[in-house]
Every structure is written in C-alpha cells, then in structure tokens.
Amino acid sequence: MRALFEKTKQVFGRLDLLFNNAGIFPERDGSPVDTDEEVWDLVMAVNLKGTWLCCKAVVPYMKERKKGKII
C-alpha cells in the first residue's frame, strides 16, 4: 500500500481522497452458520484488514498536507 500511495503522490503530486471500497463474502448458501473459519478469516482480511492497511498507509500523506478525506 505504501508503494501504491507513494507512486500516486509522485504522479499526481498529492493525495486528496481514499475511497475504501472492498468487500467480499464468498457464500455457498448465504448462511454465516455454515461458513468455514478459513472463509471467515479471508472475509475479515479483505473487508477489515485491507481497509485498515489502506488507511494506515495514506494518513501520513494527508497529515503532511493537513487535508484529505477517507470514505
């Protein structure tokens, strides 16, 4: 993520916005009761950890500018 945001800053000169839009739920029958723990861990990794990692990587750039939005 850091490399992505560093390249973005190099190309565009700044980072104004982070739009965190990732979410998965690989369902078989749609029931959380029947979801395997391995599948649940993948869902958490993408939906929560991925969002957190993006925020963690972009916030320093926004703090540097004293400006930015995270959606």
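Thr35 lies in the loop that connects strand S1 to helix H2, the latter covering residues 37–65. In this predicted model, Thr35 has a relative accessibility of 19%. The residue therefore counts as buried, because the limit for that class is under 20%. When neighbours within four places in sequence are set aside, the contacts of Thr35 are with Phe25 and Trp40.

A second loop position, Asp16, is located between helix H1 (2–12) and strand S1 (17–18). Asp16 is partly exposed, its relative accessible area being 33%; this value falls between the bounds of 20% for buried and 50% for exposed residues. The side chain of Asp16 takes part in polar contacts with two arginine side chains. One of these contacts, to the side chain of Arg14, has a length of 2.8 Å. The other joins the side chains of Asp16 and Arg65 at 2.4 Å. Arg65 also appears among the residues that Asp16 touches once those up to four places away in sequence are excluded; the others in that set are Met62, Gly68 and Lys69. With respect to helix H1, which spans residues 2–12, the C-alpha atom of Asp16 is separated by 13 Å from that of Glu6, a residue ten positions away along the chain.

The loop between helix H2 and strand S2 (69–70) contains Lys66. Lys66 is not a glycine, yet its phi is positive, at about 60 degrees. Most residues other than glycine have a negative phi. The relative accessibility of Lys66 is 76%, and the residue is accordingly classed as exposed, the threshold being over 50%.

At the level of the whole chain, two helices and two strands are present. Their order from the N terminus is α-β-α-β. The radius of gyration is 16 Å, whereas the globule rule gives 11 Å for 71 residues; the chain is therefore more spread out than a compact globule. The C-alpha trace extends over about 45 × 20 × 15 Å along its principal axes.

Buried residues make up 18% of the 71 in the chain, and Thr35 is one that counts as buried. The exposed area of the chain amounts to about 5,600 Å², of which carbon and sulfur atoms supply 58%. Among contacts with a separation of 6 or more, 66% are between residues 24 or more positions apart.

The charged side chains comprise 12 positive and 10 negative groups. The centres of these two sets are 21 Å apart. At the residue level, the polar contact between Asp16 and Arg65 and the one between Asp16 and Arg14 each involve side chains on both sides.

Note on methods
Residues numbered from 1 in each chain as written. Predicted model: local features only at pLDDT ≥ 70, side-chain atom pairs only at ≥ 80, totals over all residues. Heavy atoms only, no water. Helix = DSSP H or I, 4+ residues; strand = E, 2+ residues; numbered from the N terminus. Rg over C-alpha atoms; globule rule 2.2 N^0.38 Å. Buried < 20%, exposed > 50% of the residue type's maximum accessible area, 1.4 Å probe, protein only. Contact = heavy atoms within 4.5 Å. Areas by Shrake-Rupley, 256 points an atom, 1.4 Å probe, with all protein chains shown as cover. Lys, Arg positive; Asp, Glu negative; His and termini not counted. Charge placed at Lys NZ, Arg CZ, Asp CG, Glu CD. Polar contact = N/O pair within 3.5 Å; in protein donor to acceptor, adjacent residues only side chain to side chain.
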